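Student: I'm new to this structure and would love a close look at one part of it. Could you walk me through it step by step?

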Amino acid sequence: MASILPNTPLGPLPPEKLKVFRLLRQLPDRFAIWQRLSAKQAGPDFWVRRKDGCCALLTVAAATAAEVRQARQASLFAPAARPGAAEEEGLERFWAGLGMPDAEGVRELLPGLVLFPGVPRADLEQALDPPAAGIGRGAKEDLAADALAAWLDARLGPPLSAAQTDALRRAFTPEVVVPA
């Protein structure tokens, strides 16, 4: 089983995030997973790192299959919100906050995956335009317990250097210094 830090959910989680938390915990031991400690800020929910240093950032969208199907059908009075848009914007802000000069380079090193645990792949592909570079989407089928490890393996970026891993760790789980 994968190691996940912290090993219990941080407070009450929405059902979709709790489902992903439980699935990530079942990954093989070649994976290590970190929960983001600053959950109130937009950005990824989880950081997945394989033993060889290949990583990805995961964020969970709470969209339902019905919401995704309705995404293309704009209301007469207001456009429908695109499912996953807020999560993609959170990934963009997180990447920008890492301070790496080449925005496209950070996307290749550290891909962002927006997970839709309750939405079939066919609905995602039909209803949503392709995501921006460096962002992938995971559907209900991809998040099945027997498919998740292989799906992640195919989407992780290249190995990060020790300095890159340390910069990511500092951004993902900022340390709190308590004055003496």
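Student: Is Arg50 buried or exposed, and what is its relative accessible area?

Tutor: Happy to help! Keep in mind that this is a predicted model. Arg50 is buried, with a relative accessible area of 15%; the cut-off for buried is under 20%, so Arg50 falls within that class.

Now look at its charged partner. Arg50 forms a salt bridge with Asp153, and their closest N and O atoms are 2.8 Å apart. This pair links distant parts of the chain: Arg50 sits in strand β3 and Asp153 in helix α6 (residues 148-153), 103 residues apart. Asp153 counts as partly exposed, at 26% relative accessibility. In general, side chains of opposite charge can pair when their charged atoms come close.

The pair also belongs to a network of salt bridges, in which Arg30, Arg50, Asp52 and Asp153 are linked. A search of the whole structure finds 11 salt bridges.

Strand β3 (46-50) has other neighbours too. The buried residues of α7 pack against β3, and also against β2, β4 and α3. Those buried residues of α7 are Thr165, Leu168 and Phe172. They cover an arc of only 65° around the axis, which puts them on the same side of α7. On the face of α7 turned away from that buried side, you will find the exposed residues Ala162 and Ala163.

Key. Residues are numbered from 1 along each chain as its sequence is written. This is a predicted model: local features need pLDDT of at least 70, side-chain atom pairs count only at pLDDT 80 or more; totals for chains, interfaces and linings use all residues. Side-chain values use heavy atoms; hydrogens and water are left out. Buried means under 20% relative accessible area, exposed over 50%, partly exposed in between (1.4 Å probe, protein chains only). Helices (H or I, at least four residues) and strands (E, at least two) are DSSP runs, numbered from the N terminus. The arc is that of the directions from the helix axis to the C-beta atoms. Contact means heavy atoms within 4.5 Å. A salt bridge is a side-chain nitrogen of Lys or Arg within 4 Å of a carboxyl oxygen of Asp or Glu.
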